[in-house]
Amino acid sequence: GPVLHRQYSPPGQVAAGGYRAPLFQLLVKSNFNVKFVGTQNNNPTTWLPSTYHEGHSGYRIDQIATGFLSWVNSVPSPDIILLLIGTNDYGQQYATATATNRLDQLIWLIATNRPNAKLVVANATLRTDNSAYESQLQAGYNRFIPGIVAKHAALGHQVSFVDLHAALGAGDLIDGLHPNQSGYDKMAAVWSKAII
């Protein structure tokens with residue numbers, strides 16, 4: 001069924017579709033009927049039959065939270081929601097001390113408004129462009145995400161955690177922040193395993 005994607009988009013230096021293109025292939029090979037949903041339709045590929053997504057380049061957690069209900073209410077109800085968020089909060093140095101609180105509230109917003117959707121929450125991927133931001137992300141954000149997700153799961157929310165940070169190395173980044181194609185392929189493998 002429909003999959004609502006939330007991702008940041010690279011500046012177009014890798015194959016169009018980011019991780020969505022290899023994810024689509026992996027899921028179809030596993031006999032899933034895949035339809036991506038979202039209000040965004042940029043960066044399409046010629047062969048990818050489902051090019052919609054809800055990736056907003058540069059958006060912080062609060063900005064995704066502000067737009068979520070409007071976006072999700074205007075598309076077919078997703079069966080699965082993939083959430084990768086938080087890097088921009090640190091890149092913009094936006095109230096980083098409360099980033100985990102905002103993530104907690106966003107998960108609550110998604111889980112209570114789309115209780116039948118399975119929400120897969122990832123930690124922030126590796127940053128090699130700024131060692132201070134990477135250190136802050138690890139110490140103040142990523143290490144808390146499994147616990148936040150576990151708390152929601154204990155409340156009966158259909159939420160699970162995936163470790164994207166561990167999946168990508170420095171060689172999987174095109175600019176120290178955004179993945180290159182090998183990075184997107186590795187992300188797709190992690191998302192696919194979680195979905196399956």
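This passage describes the fold, the nonpolar cores, two helices and the salt bridges of a predicted model.

The protein chain contains 7 helices and 5 strands, and, read from the N terminus, these elements follow one another in the order β-α-β-α-β-α-α-β-α-α-β-α. Of the 196 residues of the chain, 52% count as buried. Among contacts between residues at least 6 apart in sequence, 72% join residues that are at least 24 apart. The chain exposes about 8400 Å², and carbon and sulfur atoms supply 52% of that area.

The largest nonpolar core comprises 25 residues, of which Leu83, Leu103, Ile107 and Tyr141 touch the most other members. At least two residues of this core are supplied by each of helix H2 (61–72), strand E3 (80–83), helix H4 (99–113), strand E4 (118–122) and helix H6 (145–154). The largest share, 6 residues, comes from H4. A second core, separate from this one, has 22 residues, among them Ile80, Ala122, Trp191 and Ile195.

Helix H4, the source of the largest share of the first core, has 15 residues, which at 1.5 Å a residue should span 21 Å; the C-alpha atoms at its ends are 21 Å apart, in agreement with that expectation. The buried residues of H4 are Ala99, Thr100, Arg102, Leu103, Asp104, Leu106, Ile107, Leu109, Ile110 and Ala111. Two residues of this list, Leu103 and Ile107, also appear among the core members that touch the most others.

Helix H7 (residues 181–195) likewise has 15 residues, for which a span of 21 Å is expected at 1.5 Å a residue, and its end C-alpha atoms are 21 Å apart, which agrees. Its buried residues are Gly183, Tyr184, Met187, Ala188, Trp191, Ser192 and Ile195. Because these residues cover an arc of only 170° around the axis, they lie on the same side of H7. The elements against which the buried residues of H7 pack are helix H1 (20–29), E3, E4 and strand E5 (159–162). Trp191 and Ile195, both buried in H7, are included in the second core.

Charged side chains were examined next. Side chains of opposite charge can pair when their charged atoms come close. A search of the whole structure finds 5 salt bridges, including the three described here. In one of them, Asp104 pairs with Lys151, with the closest N and O atoms 2.7 Å apart. This pair links distant parts of the chain, since Asp104 belongs to helix H4 and Lys151 to helix H6, 47 residues apart. Asp104 is listed with the buried residues of H4, whereas Lys151, at 41% relative accessibility, counts as partly exposed.

In another salt bridge, the side chains of Asp62 and Arg60 meet at 2.9 Å, N to O. Arg60 has a relative accessibility of 14% and therefore counts as buried, the limit being 20%. A further salt bridge joins the side chains of Arg127 and Asp129, at 2.8 Å from N to O. Arg127 is buried, with a relative accessibility of 6%, while its partner Asp129 is partly exposed, with a relative accessible area of 39%.

How values were computed
Residues are numbered from 1 along each chain as its sequence is written. This is a predicted model: local features need pLDDT of at least 70, side-chain atom pairs count only at pLDDT 80 or more; totals for chains, interfaces and linings use all residues. Side-chain values use heavy atoms; hydrogens and water are left out. A nonpolar core is a set of buried Ala, Val, Leu, Ile, Met, Phe, Trp, Tyr and Cys residues joined through side-chain atoms within 4.5 Å. Buried means under 20% relative accessible area, exposed over 50%, partly exposed in between (1.4 Å probe, protein chains only). Helices (H or I, at least four residues) and strands (E, at least two) are DSSP runs, numbered from the N terminus. The expected span of a helix is 1.5 Å times one less than its number of residues. The arc is that of the directions from the helix axis to the C-beta atoms. Contact means heavy atoms within 4.5 Å. Accessible areas come from the Shrake-Rupley method with a 1.4 Å probe; for residues, only the protein chains shown count as cover. A salt bridge is a side-chain nitrogen of Lys or Arg within 4 Å of a carboxyl oxygen of Asp or Glu.
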